[in-house]
Amino acid sequence: MTPKTTPLKKKKHPRSLFYRISAWLHLWLGLVTGIIMVIVCITGCLYVFIDEIKSVLNPETNISRQDKPVLTPSQLADVAAKIYPDKKVSYATYQQGKVITVGLGEGRRGNITLMVNPYTGELIKKEIKEKGETDFFRFVLNGHRFLWLPYKIGRPIVNYSTLIFVITLITGMVLWWPKKWTKSTRERSFQIKWGASFKRVNYDFHNVLGFYSLLVVLAICLTGMVYGIEWYSKGLYWVTSAGQSLPDYKDLKSDSLQANKFYTSRTAMDLAWKKVITKTPEAQGFYYGYPDTTDAKSTINIYIYPTAGRYYDNMSFSFDRHTLKEFPAHPVYDVKFSEASFPAKIRKMNYDIHVGSILGLPGKILAFFAALIGASLPITGFIIWWGKRKKKPKKPGVAAAKPIAKKSAVLEESIT
């Protein structure tokens, strides 16, 4: 007669399936994209204070405000033509209290930059770059955007690594959440134990600093993806606008049949300028895009910045270079912030949220430290994972003979 046996109950896992999936995703997605996000975050830290650093390193470019009119676009073109008569003026950037930066060459990547006193036209400084040459901050920005790889390869890598990083941040929050809220779990979740072992302090850097910086790092990542992932950018607008599509930019063209009928090129440049400054007397800065003199269909484009150091409230104006007819404004990017719709306001604030300038200098400092912590998370996480890999398996019977350990020691053991 066979003895009756009781079926063994399946041992219940101490953690839920959701927690285990989150842990798996957090580990492997973090390992795959870790080094990329370290580079992206570090270069982001360096780039946050580009304006402040440049201002300190180039004190001669700071010009006290005077109660005089600044040079018009045509006068700036004359200044440039005296120095480089064979070069086309591409753009001019006006900033309150600064020199006017004039770019010569094709587009914003002109190989010659002149810095001109806005009141006297005196040349303060000029920078000449050979083909392929970049300055330090352009080098940093290239790393931030495409890891110094060919653009078509590096850009998607950065974009989708950022998306994966967002997933690791969310799953990290799942892992951070204690199973039970007790005194010890609260201390473990919110405090760094400075006097503990290196493993414990490293764990706290990952766990505690990751928690405190979570919202800011998430905001930086989510706004950064707007510039690189088209479906995400359009989808975000669709969500924030309750189902509306993000309007596309139209390719604006001047009516070439009207060339030389109404204005000379020089007169048109200055009249467009005067129209804009009359409309926006509060502007603290301008970006003036000169029309391409070799293309009769090119337009005059002017961007204004009402608040120094911020971009969310900018406006732009485009004109037919022959008739000075103003083209309709883009309903999201070109309109006045106070008159923009809710989703348009969110989109206009995107860059300032990304770099922290939406809160002024304190916001940029916050973004700097959040990005620095963001760069540290893959490193501290890797050290935690590596420590677990090297952990030797316990010998049978050792655990039973081991004396009861203190709570802190048990906690550190669970970390490693």
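The protein's secondary structure comes to 14 helices and 7 strands. The model is a predicted one. Of the 416 residues in the protein, 42% are buried. The exposed area adds up to about 25,000 Å², and carbon and sulfur atoms supply 63% of that. As for how the chain folds back on itself, take the contacts between residues at least 6 apart in sequence: 59% of them join residues at least 24 apart.

Now for the inside. In soluble globular proteins, nonpolar side chains tend to be buried together. Here, the largest nonpolar core has 31 residues, and Leu76 and Ile302 are the ones that touch the most other members. Both helices and strands feed into this core: two or more residues each come from helix H3 (73-83), helix H9 (265-279) and the strands S1 (89-95), S2 (100-104), S3 (112-116), S5 (285-289), S6 (299-305) and S7 (315-320). H9 chips in the largest share, with 5 residues. A second core, of 21 residues, lies apart from that one, and its members include Leu147, Leu169, Val226 and Ile373.

Leu76 gives a good look at how the largest core is put together. Setting aside neighbours within four places in sequence, Leu76 is in contact with Leu71, Ala92, Tyr94, Ile100, Val102, Val116 and Tyr290.

Over on the outside, there is a nonpolar surface patch of about 620 Å², made by Ile42, Leu46, Phe136, Leu361, Ile365, Phe369 and Leu372. Two helices, H1 (17-48) and H12 (360-389), each supply at least two of the patch residues. H12 gives the most, with 4 residues. One patch member, Leu372, has its place in helix H12. Leu372 counts as partly exposed because its relative accessibility is 36%, which sits between the 20% limit for buried and the 50% limit for exposed.

The two helices that share the patch also meet through Cys45. This residue has its place in helix H1, and it counts as buried because its relative accessibility is just 4%, under the 20% cut-off. Leaving out neighbours within four places in sequence, Cys45 is in contact with Phe368, Ala371 and Leu372. So what separates Cys45 from Ala370 in space, given that they are 325 residues apart along the chain? Their C-alpha atoms are separated by 8.8 Å. Leu372, then, turns up twice in this part of the structure: as a member of the nonpolar patch and as a contact of the buried Cys45.

Note on methods. Residues numbered from 1 in each chain as written. Predicted model: local features only at pLDDT ≥ 70, side-chain atom pairs only at ≥ 80, totals over all residues. Heavy atoms only, no water. Patch = residues over 30% accessible without salt bridge, like charges linked within 9 Å, V, L, I, M, F, W, Y side chains within 5 Å. Areas by Shrake-Rupley, 256 points an atom, 1.4 Å probe, with all protein chains shown as cover. Salt bridge = Lys/Arg side-chain N within 4 Å of Asp/Glu carboxyl O. Buried < 20%, exposed > 50% of the residue type's maximum accessible area, 1.4 Å probe, protein only. Core = buried A, V, L, I, M, F, W, Y, C linked by side-chain atoms within 4.5 Å. Contact = heavy atoms within 4.5 Å.
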